[in-house]
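Got your viewer open? Load the model, turn on the cartoon, and let's take a walk through it together.

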Amino acid sequence: MADNTQKMSYQAGETKGQAQEKASNLMDGAGNAAQSAKESVQEAGQQVRAKTQEAVEGVKNATGMNK
């Protein structure tokens, strides 16, 4: 009987360990996705900033304010 209890306890521990590993992998994946999204937003912001600066320079050139 003790042998069976030990086996069940071992299997429960194995299951718990596997669940923890899966949860950890999911959290890592979510963290990577969040980091990727952050980088994409930052890059888009930089592109918008550059385009805005180009537009400002174009207006200044067209109105003679850039001289």
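Start with the charges: colour the positive and negative ones, and you'll find that the protein has 8 of each, with mean positions 9 Å apart. Here Lys and Arg count as positive and Asp and Glu as negative, while His and the chain ends are left out. Each charge is placed at NZ of Lys, CZ of Arg, CG of Asp or CD of Glu.

A quick note before moving on: this is a predicted model, where local features need pLDDT of at least 70 and side-chain atom pairs count only at pLDDT 80 or more, while totals for chains, interfaces and linings use all residues. Residues are numbered from 1 along each chain as its sequence is written, and side-chain values use heavy atoms, with hydrogens and water left out.

Now zoom out to the whole protein. How many helices and strands are there? You'll see 1 helix and 0 strands (DSSP runs: H or I of at least four residues for helices, E of at least two for strands, numbered from the N terminus). The C-alpha atoms fill a box of roughly 95 × 10 × 5 Å along the principal axes. Of the 67 residues, 0% are buried (buried is under 20% relative accessible area, exposed is over 50%, and partly exposed is in between, with a 1.4 Å probe and protein chains only).

Next, select Gln6, which sits in helix H1. Gln6 counts as exposed because its relative accessibility is 55%. Draw a distance from the C-alpha of Gln6 to that of Lys38, 32 residues away along the chain, and you get 48 Å.

Hop to Val56, also part of helix H1, which covers residues 2-63. Val56 has 35% relative accessibility, so it counts as partly exposed. Its C-alpha is 24 Å from that of Ser40, 16 residues apart along the chain.

Last stop: Thr63, in helix H1. Show its side chain, which reaches the backbone oxygen of Lys60 at 3.4 Å. Then look across to Gly17: 46 residues along the chain separate the pair, and their C-alpha atoms are 69 Å apart.

Terms used: Polar contact = N/O pair within 3.5 Å; in protein donor to acceptor, adjacent residues only side chain to side chain.
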